[in-house]
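The following exercises are meant to be solved with the structure in view. Each task is followed by a worked solution.

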Amino acid sequence: MRIAAALVLSACVTGCATYRAKPLPEQASSAASLSQLQGYDPAALSLDLAAIERLVLLNNPDLKTQHARHQAAQAQRRQDGVLPNPSMGGSVGYLISGPGDATAWTASISQDIASLITLRPRREAAKANADGLDASLLWEQWQTLGKARLLVIDLVEGERQIALQRQAMEAQARRESHIVNAVQAGNMERVAVASDLAAAADARAALNDLQRRQLDQRQQLNALLGLKPDVAVPLASSLPAADLDAAAIRAQFDSVSRRRPDLVALQLGYRAQEAQLRAAVLAQFPPLALGYDASQDNSRVRNGGPAVNFTLPIFDHNQHNVVIARATREQLHQEYTVRLATAQDEVDALLAQYAQLDAQRQALAAATDDAVRAASQADQAARAGLIDLRNATDLRVAAINRQLAALVVEQGMLEQQAALELLVGRGMPTSLEQDVMAP
């Protein structure tokens, strides 16, 4: 008896986890330079879109926490798939009086059978839940990359817009200086040139707005990279022109349910709920435990035999859990259906917007070229004294405004292309579900 107790105690102690305190840090800070980023190449003079995406994947603070969430999900998966422990019991009855001559004892061991019946669907549900979380984490990574891609587009195109707006402001500043001198000399009335002075002020305000937006977007990109806000990130001066194949996007959408991580996560969540519903249905059967009981009385009479313990399902036969599991499955079914339909609508809407922007780009191209030629001719005429500075500046600013409008359209096309690639999961493998569920 003592040997058996020692063996049981040893089995319980072996493999037990230990506790070690891990205090929170007193202070923490983001990286103060690009050289502190994992994967950064010091030889790179500028970072293109692919380089930024790689650095975001390696250094984004939010994505770094995903490893811990993955570990927690896997731990829960292992816990939900563990076999239930057998139950043991025993008692000792010391002889106090009477004709007996020995110590009485009882011992029993039993195993919960009902939990074994539901073990397989519970394991399936735990695996699907863990895989679904991994797919959700992958979707978060994909969305973070999409945000970084849009920020790079806005920053690169924003620098080009700032350069053009600065030219417009400088042209109007020269005219403003000329006008102020003429007004002070009494050669012009301020009322007559009020619109010119207001245009110069508007040009400065527009440049200030662009610069403020550029600073905000640079700080957002730094946050995605895990950098302090004041770190300068050298970006490429230009991006490849927008080149979207609408037919290819529609073709890729046909397999979007196997490519987009959020849809795969919903599928896995639905699969987990299916398994949980099966487990709830199986749990309707009465809880049953099988085991073996042995005993000895004070006169050394021993007996032993199988033991059965079960609950009569008179009032509660798990009907409420079955109803909850079935309703949850219906909710997930509806959510997936709506998400898939919404994705289709979003793709159709963005394709229509991209086509509209492309038509506007083509219409602006000829008008922009004509305005640039007219501005160049006006500059030559102004230098020859054929027209005054005021009219030459108007033509110059008009050409710059046309170029700015063209840049805005190009930026919109790049943004729509990036959003479409995000929506259809372009770049994701079509076997994403199998990859996520691989052991």
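Contact means that heavy atoms lie within 4.5 Å. The model is a predicted one.

**Exercise 1. Determine where Pro 286 is placed and which residues beyond its sequence neighbours it contacts.**

Solution.
- Step 1: Pro 286 belongs to the loop between α10 (261-282) and β3 (288-296).
- Step 2: Its relative accessibility is 32%, so Pro 286 counts as partly exposed.
- Step 3: Setting aside neighbours within four places in sequence, Pro 286 is in contact with Thr 311 and Pro 313.
- Step 4: Pro 286 and Asn 318 are separated by 32 residues in sequence, while their C-alpha atoms are 9.2 Å apart in space.

**Exercise 2. Describe how helices α8 and α11 pack, and identify the residues that make the contact.**

Solution.
- Step 1: Two packed helices are described by the angle between their axes and the distance between the axes.
- Step 2: For α8 (residues 246-253) and α11 (residues 319-383), the angle is about 180° and the axes are 11 Å apart.
- Step 3: Angles over 145 degrees count as roughly antiparallel. The helices α8 and α11 are therefore roughly antiparallel to each other.
- Step 4: From α8, the contact involves Ala 246, Ile 249, Arg 250 and Phe 253. From α11, Leu 340, Ala 343, Gln 344, Val 347, Asp 348 and Leu 351 take part.
- Step 5: Sorted by character, the residues of this contact comprise 7 nonpolar, 1 polar and 2 charged.

**Exercise 3. Compare the span of helix α7 with the expected value, then state what its buried residues pack against.**

Solution.
- Step 1: Helix α7 (residues 194-225) has 32 residues, which at 1.5 Å a residue should span 46 Å.
- Step 2: The end C-alpha atoms of α7 are 47 Å apart, in agreement with that expectation.
- Step 3: The buried residues of α7 include Asp 196, Leu 197, Ala 200, Gln 214 and Leu 225.
- Step 4: The buried residues of α7 pack against α2 (49-59), α3 (61-64), α6 (119-184) and α12 (389-423).
- Step 5: After α7 comes Gly 226, which has a positive phi near 75°.

**Exercise 4. Is Asp 196 buried or exposed, and which residues does it touch?**

Solution.
- Step 1: Asp 196 lies in helix α7.
- Step 2: A residue under 20% relative accessible area is buried. Asp 196 has 7% relative accessibility and so counts as buried.
- Step 3: Not counting residues up to four places away in sequence, Asp 196 touches Arg 175, Ile 179 and Arg 390.

**Exercise 5. Establish how the buried residues of α4 are arranged around its axis, and what covers them.**

Solution.
- Step 1: Helix α4 (residues 66-80) has 15 residues and reaches 21 Å between its first and last C-alpha atoms, close to the 21 Å expected at 1.5 Å a residue.
- Step 2: Gln 66, Ala 73 and Gln 74 are buried in α4.
- Step 3: Viewed down the axis of α4, these buried residues fall within an arc of 95°, so they line one face of the helix.
- Step 4: Ala 68, Arg 78 and Gln 79 are exposed, on the face turned away from the buried side of α4.
- Step 5: The cover over the buried residues of α4 includes α3 and α6.

**Exercise 6. Locate Arg 300 and describe its phi.**

Solution.
- Step 1: Arg 300 is placed in the loop between β3 and β4 (302-310).
- Step 2: Although Arg 300 is not a glycine, its phi is positive, about 70°.

Methods
Residues are numbered from 1 along each chain as its sequence is written. This is a predicted model: local features need pLDDT of at least 70, side-chain atom pairs count only at pLDDT 80 or more; totals for chains, interfaces and linings use all residues. Side-chain values use heavy atoms; hydrogens and water are left out. Axes are lines fitted to C-alpha atoms, for helices over the stretch in contact, and angles run from 0 to 180 degrees between N-to-C directions. Helices (H or I, at least four residues) and strands (E, at least two) are DSSP runs, numbered from the N terminus. Angles under 35 degrees count as roughly parallel, over 145 as roughly antiparallel, 65 to 115 as roughly perpendicular and the rest as oblique. Ala, Val, Leu, Ile, Met, Phe, Trp, Tyr, Cys and Pro count as nonpolar, Asp, Glu, Lys and Arg as charged, and the others, Gly among them, as polar. The expected span of a helix is 1.5 Å times one less than its number of residues. Buried means under 20% relative accessible area, exposed over 50%, partly exposed in between (1.4 Å probe, protein chains only). The arc is that of the directions from the helix axis to the C-beta atoms.
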